[in-house]
Amino acid sequence: MTLRPRWPWLHLLALLLLVSLVLTGGVLLSKTWFGPPRTPPDTPASSGLPPVDQKALHSAIQKDDVKALREFFRKRTLGPAELRTVRAEIQQLGDPSFAVRTRATESLAARGAAITTLLREATGNADTEIASRTRALLAHIPMVSADVISKSLSVLANHPDPETVTVLLDYLPCAESEGLSAEVRQTLGKLASRGGQSLAVLVQALSEDDPVRRLAAALALLQAGVREHQPALRKLLADPDPTVRANLAHAFLDRDDRAGIPVLIDLLPDLAGDAAWALADRLTALAGASAPEVSPGEGAEDRIDCRDAWRLWWRTNGDKIDLKKVRQSSSEKGNTLLVYLTGKDGMVEEIDHQGKGIWHKSPFWSPLSAQWLDEQTFLLTEYGGERVTERNHEGDVKWLKNMDRPVVCARRIDAEHTMIVCRNLVVEVDRAGKERFRYEHPTRSIAAARKLSEGTLVLLTDDGTCLQLDRKNKVRARFSVGGQQNVGTVFDVLPNRSVVVPLYTEDKVVEYSSKGKILWQIAVSQPTMVQRLAGGRTLIGSTTRRTLLEVDRQGKVLWSHLTLPGNPVYMERR
């Protein structure tokens, strides 16, 4: 006979009371023995900024109250002693002692947005521990309204005063974003252009101990175009701080002054990650076909070898570079041209950087590629229509070339000539249709082709072979990209003949040298299109996944877009 408890509900109540006591005791013990939970070392405890009377601030902007606006920036500024402490703590992030690294992280986290610029600069530090911890800190810092600060700067720019210059120079190391730092520097440049005592304060700042102030003053004077101070600015190209040298060298280069190029070359060993690759990409754009076939690689020795190769290039080619021509050819406007294919029909669309459609036109007969010619016209390849046409946004045909065979892609080489690529043929024709170049491939296996301005023809075949031919159709290089290619694959060829190729079956994009050496690669799901953008960024598209991604050298996604109208087969960023 089984014995049952006479009051089973009493047992249940006792069990519940016991569980409650255990849980309560655990909480009390944790509070008594271990104290309150600590803020994670990579999470800020607060914004670190004093409260702002938003109404009073907007009133100061509307009334052009310069005194109140200067006070606004003073409240967001760390003093010299605090700045030195912050810089020391950032260096402690890479200390061998875990306890020191943790204390430095917690101290920096409590300071909030006032140290944003200093943290951002440290994300490119060669010490990976410092770089990773500063990135973690930045990810958790709340930003103040950029619009409010921008409006305040606009008011101050119209009231040149040495005190205003001093306040902005003091604030600059604490600016909450790179965009705001740029606006502060631009404001200083406007104040410098007014001359007077504002200019005198900036000239004096060129010799200060703080590298942020030296750089801001130099950029402001460069922007103002003050010629009498050019020798002092060029002297700063040898500044002991690499950040000053790099930014000033880029600024000289932006103004078509080649004095910055050797400085940038010498900086290659001191940079890491995206910074080194972005610099190498800019040098490659400057050099064009004469660029050495080197990359920053992944280690210090690779960057030293890269610097040495570029030094040799500069000694040989430095006086031949047309900076104005390079700047004009490398400009990007941000909009993207897309070609969609659905069955035998297709559509061409232009979208802006937010993914909003600007215009579209359809139907076309199995289009595979398009190329911007100017603001109103584009070149269209119709695989099924066996033709290449020049059209406006309304679809009206301005020029036509029938090929009597399927066309893979086409590119306008110059104002008068167009390259047309078929499965076993590449030709260049003038506007009258007369051929000036012809290459016949032995098999119907050409998947895509590009041609460089110096005459090199680069082919991709179905089996993944990359061929590079000279002007006489002689093979200069041949290598495998490691994956089969679809007809109409969108790849890119850089000025130094490196190629960037989407590998659909291997889920990655790879950059190869002209000899087939892998320089860079990134994992991406089913890529079919790729375009290298300025600054080492890469635009990647997938026909099957209907996605566009813009990524940096580390693979961080900077922009993305889902192509709702259909499956894209071609993309081109303007």
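Helices here are DSSP runs of H or I with at least four residues, strands are E runs of at least two, and both are numbered from the N terminus. With that in hand, let's walk through this predicted model, starting in a loop.

**Backbone points worth a look**

Aspartate 256 sits in the loop between helix H14 (242–254) and helix H15 (261–267). Its phi is near 60°, a positive value in a residue other than glycine. The relative accessible area of aspartate 256 is 23%, so this residue is partly exposed.

A second aspartate deserves a visit too. Aspartate 404 is not a glycine either, yet it has a positive phi of about 60°. You will find aspartate 404 in the loop between strand E7 (397–402) and strand E8 (407–412). With a relative accessible area of 68%, aspartate 404 is exposed.

Which peptide bond is cis, with omega near -5°? That bond runs from serine 362 to proline 363, and proline 363 has its place in strand E3 (residues 357–365).

Further along the chain, glycine 516 lies in the loop between strand E18 (508–512) and strand E19 (518–523). Glycine 516 counts as partly exposed, at 21% relative accessibility. Its C-alpha atom is separated by 7.5 Å from that of valine 481, although the two are 35 residues apart along the chain.

**Salt bridges**

Side chains of opposite charge can pair when their charged atoms come close. How many salt bridges does the structure hold? The total is 34, and the table shows some of them.

| Pair | Closest N to O |
|---|---|
| Arginine 74 and glutamate 163 | 2.6 Å |
| Arginine 412 and glutamate 390 | 3.1 Å |
| Glutamate 506 and lysine 508 | 3.5 Å |

Take the salt bridge of arginine 74 and glutamate 163, with N to O at 2.6 Å. Arginine 74 belongs to helix H3 (residues 66–74) and glutamate 163 to helix H9 (residues 162–171), so this pair ties together parts that are 89 residues apart in sequence. Arginine 74 is partly exposed at 37% relative accessibility, and glutamate 163 is partly exposed at 36%. Both residues also take part in a network of salt bridges that links Arg70, Glu71, Arg74, Asp161 and Glu163.

Next comes the salt bridge between arginine 412 and glutamate 390, whose closest N and O atoms are 3.1 Å apart. This pair links distant parts of the chain, with arginine 412 in strand E8 and glutamate 390 in strand E6 (residues 387–392), 22 residues apart. Are these two residues buried or exposed? Both arginine 412 and glutamate 390 are buried.

In the pair of glutamate 506 and lysine 508, glutamate 506 counts as partly exposed at 33% relative accessibility. Lysine 508 is partly exposed as well, with a relative accessible area of 23%.

**A charged surface patch**

On the surface, Glu298, Glu301, Asp302 and Asp305 gather in a patch of negative charge. One of them, glutamate 301, is in helix H17 (residues 300–317). Glutamate 301 counts as exposed, at 65% relative accessibility.

**Cysteines**

A disulfide is a covalent bond between the sulfur atoms of two cysteines. The structure holds zero disulfides. Why do cysteine 409 and cysteine 422 not form a bond? The cysteine sulfur closest to that of cysteine 409 is in cysteine 422, and because the two are 9.0 Å apart, they are too far for a bond. Cysteine 409 is buried at 11% relative accessibility, and cysteine 422 is buried with a relative accessible area of 1%.

Definitions and conventions
Residues numbered from 1 in each chain as written. Predicted model: local features only at pLDDT ≥ 70, side-chain atom pairs only at ≥ 80, totals over all residues. Heavy atoms only, no water. Patch = residues over 30% accessible without salt bridge, like charges linked within 9 Å, V, L, I, M, F, W, Y side chains within 5 Å. Areas by Shrake-Rupley, 256 points an atom, 1.4 Å probe, with all protein chains shown as cover. Salt bridge = Lys/Arg side-chain N within 4 Å of Asp/Glu carboxyl O. Lys, Arg positive; Asp, Glu negative; His and termini not counted. Charge placed at Lys NZ, Arg CZ, Asp CG, Glu CD. Buried < 20%, exposed > 50% of the residue type's maximum accessible area, 1.4 Å probe, protein only. Disulfide = S-S within 2.5 Å.
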